[in-house]
Amino acid sequence: MKGRVLMKNTIYDYVDLRGDLSPIDFPYNEVDALIFSEFAYVNLDGLIDLDFEKSYTLKEVYELYVHRNESLDEMQLSSILIESHYLFEKMAHSLRYQNIRILSYINDIDKELIKQFSAMTLQLEDQRLVIAYRGTDDTLVGWHEDFLMLCENVVPAQISSAEYLHYISQYQNNTSFIESLKNRHLDSSLFQRIKKHFQYKKNCPLWLVGHSKGGNLAMYAACFTHNDTKKRIIQVDNFDGPGFQDEIMVSSQYKDMLPRIHSYIPHYSFFGIVLGHEEQYTVVHSHYTGMLQHNGFSWEVAPQHFVDDELSFESVQFAIKVILFLEKLTNEEKHQFVEAMFGLFDSLDLYTFTDLSHISYKHILNAIKELTLLDSKTRKMLIEVLHMLWLEAKKTKTE
């Protein structure tokens with residue numbers, strides 16, 4: 001079947017199935033990492049601050065979230081991502097997740113810099129800190145900064161990701177000694193609980209996760225944070241996020257962090273295989289087709305891990321075409337191309353990848369003719385790439 005289908009064995013089902021299991025008996029795994037990554041898409045504006053003055057359990061924040069949403073107007077409610085909203089609801093009613101504390105949240109959007117940066121920090125019951133970086137949503141405009149990553153070594157959100165990690169690294173755990181002694185999540189051994197209590201006061205282990213652009217931000221922050229913070233990073237999980245330009249790939253910072261990075265990509269991946277990747281990766285089966293497989297809610301899970309798949313030849317060919325095309329351009333031409341493409345989407349009132357499948361290619365060509373400031377070389381290449389994207393959108397169009 002094509003497009004979006006009725007799905008079973010997704011992260012929703014995993015929360016339903018495993019939600020009553022304590023991480024003591026059923027440790028957090030790769031599926032939980034995707035759940036934390038998708039949870040980062042939840043809008044917590046006005047509920048959780050950047051600083052650590054107040055922290056709430058996930059269940060408490062959900063109650064605040066529901067109350068806040070009652071006062072939002074229709075336009076504000078429409079901006080809430082439905083999939084993450086339902087995931088939040090399930091987590092809040094799950095014994096496995098509801099006592100996780102949310103320590104910090106930031107949502108920084110700068111349209112002039114073309115920067116959308118958001119992240120949150122979760123404190124697990126074993127005192128690990130999960131820094132979950134938000135990716136781009138499934139809108140075409142949301143892909144803007146992802147495409148800029150194809151042009152620049154570093155984009156503004158990457159700088160912010162490293163700064164945020166450094167800020168979080170300064171968090172001092174205020175758990176009392178008695179609480180640590182009683183905390184079986186910390187360790188089964190009483191001696192180890194005492195040891196970890198003092199060790200984690202200023203040095204809680206760090207686990208970085210993110211989906212889409214958020215995965216790239218997790219990797220970048222891990223590589224380019226302070227050395228003292230790097231030592232505390234136990235794991236970096238990237239879910240279908242783009243890689244890096246050559247300058248970063250050859251750096252010692254990237255090479256040193258590689259053993260702790262793992263990427264997960266669907267059968268049909270584009271963003272997750274473009275640019276440079278040297279880390280280990282797992283290919284995951286998705287219930288969707290084509291580029292819609294980028295959506296983590298479509299990934300199939302088994303009781304303890306993802307259902308494996310193979311990377312599709314078609315997606316690799318598509319990614320190669322785009323990369324080879326961009327390599328022919330100067331940096332200025334790359335920027336001109338990206339701005340022209342997303343300006344075109346805006347002029348055509350195209351907001352999602354699916355929208356692209358609902359218009360004729362002739363309609364796109366007519367809109368390109370209106371871009372009179374483009375030189376012939378850029379115009380030709382814009383037509384080629386948009387044709388490829390349009391064909392991909394047609395493949396994923398719902399029956």
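A salt bridge is a side-chain nitrogen of Lys or Arg within 4 Å of a carboxyl oxygen of Asp or Glu. In this predicted model, the side chains of Glu278 and Lys255 meet in just such a pair, with N and O 2.9 Å apart. Glu278 sits in the loop between strand 7 (261-266) and strand 8 (280-284), while Lys255 belongs to helix 13 (residues 252-257), so the salt bridge ties together parts that are 23 residues apart in sequence. Glu278 has a relative accessible area of 43%, so it counts as partly exposed. Lys255 is partly exposed too, at 38% relative accessibility.

The count for the model comes to five salt bridges. As background, side chains of opposite charge can pair when their charged atoms come close. Another of the pairs joins Asp16 and Lys90, with the closest N and O atoms 3.0 Å apart. Asp16 is part of helix 1 (residues 11-18) and Lys90 is part of helix 5 (residues 82-92), so this bridge links parts of the chain that are 74 residues apart in sequence. Lys90 has a relative accessibility of 27%, which means that it counts as partly exposed.

What about Arg128 and Asp126: are they buried or exposed? Both residues are buried. These two also form a salt bridge, and here the closest N and O atoms are 2.8 Å apart.

Helix 5, which holds Lys90, turns up again in the helix packing. Its axis and that of helix 3 (residues 58-70) come within 9 Å and cross at roughly 135°. Angles over 145 degrees would count as roughly antiparallel and those from 65 to 115 as roughly perpendicular, so helix 3 and helix 5 end up oblique to each other. Their crossing is left-handed.

A second helix pair is made by helix 7 (residues 156-169) and helix 10 (residues 213-224), which pack at an angle of about 55° with their axes 8 Å apart. That angle makes helix 7 oblique to helix 10 as well. In this case, though, the crossing is right-handed.

On the surface, a nonpolar patch of about 470 Å² is built from Phe177, Ile178, Leu190, Ile194 and Phe198. Which helices each supply at least two residues of the nonpolar patch? They are helix 8 (177-182) and helix 9 (190-199). Helix 9 gives the most, with three residues. Ile194, one of the patch residues, is found in helix 9. Its relative accessibility is 30%, so Ile194 counts as partly exposed.

Phe191 lies in helix 9 too. With a relative accessible area of 57%, Phe191 is exposed, since the cut-off for that label is over 50%. The C-alpha atom of Phe191 is 8.9 Å from that of Leu181, a residue ten positions away along the chain.

Two other pairs of residues show how distance along the chain sits alongside distance in space. Asp228 and Lys328 are 100 residues apart in sequence, and their C-alpha atoms are 40 Å apart. Asp228 is in helix 11 (residues 227-230) and, at 58% relative accessibility, counts as exposed. For Ala340 and Lys213, the separation along the chain is 127 residues and the C-alpha atoms are 21 Å apart. Ala340 is located in helix 15. At 13% relative accessibility, Ala340 counts as buried, because that label goes to residues under 20%.

Finally, a couple of loop residues have backbone angles worth pointing out. Most residues other than glycine have a negative phi. Leu275 is not a glycine, yet it has a positive phi of about 65°. Where is Leu275 found? It is in the loop between strand 7 and strand 8, and this loop also holds Glu278, whose side chain meets that of Lys255 in a salt bridge. Asp349 also has a positive phi, near 55°, without being a glycine. This residue lies in the loop between helix 15 (331-347) and helix 16 (353-356), and helix 15 is where Ala340 is found.

Notes:
Residues numbered from 1 in each chain as written. Predicted model: local features only at pLDDT ≥ 70, side-chain atom pairs only at ≥ 80, totals over all residues. Heavy atoms only, no water. Helix = DSSP H or I, 4+ residues; strand = E, 2+ residues; numbered from the N terminus. Buried < 20%, exposed > 50% of the residue type's maximum accessible area, 1.4 Å probe, protein only. Patch = residues over 30% accessible without salt bridge, like charges linked within 9 Å, V, L, I, M, F, W, Y side chains within 5 Å. Areas by Shrake-Rupley, 256 points an atom, 1.4 Å probe, with all protein chains shown as cover. Axes fitted to C-alpha atoms, helices over the stretch in contact; angles between N-to-C directions. Parallel < 35°, antiparallel > 145°, perpendicular 65-115°, else oblique. Left-handed = near helix turned anticlockwise from the far one by under 90°.
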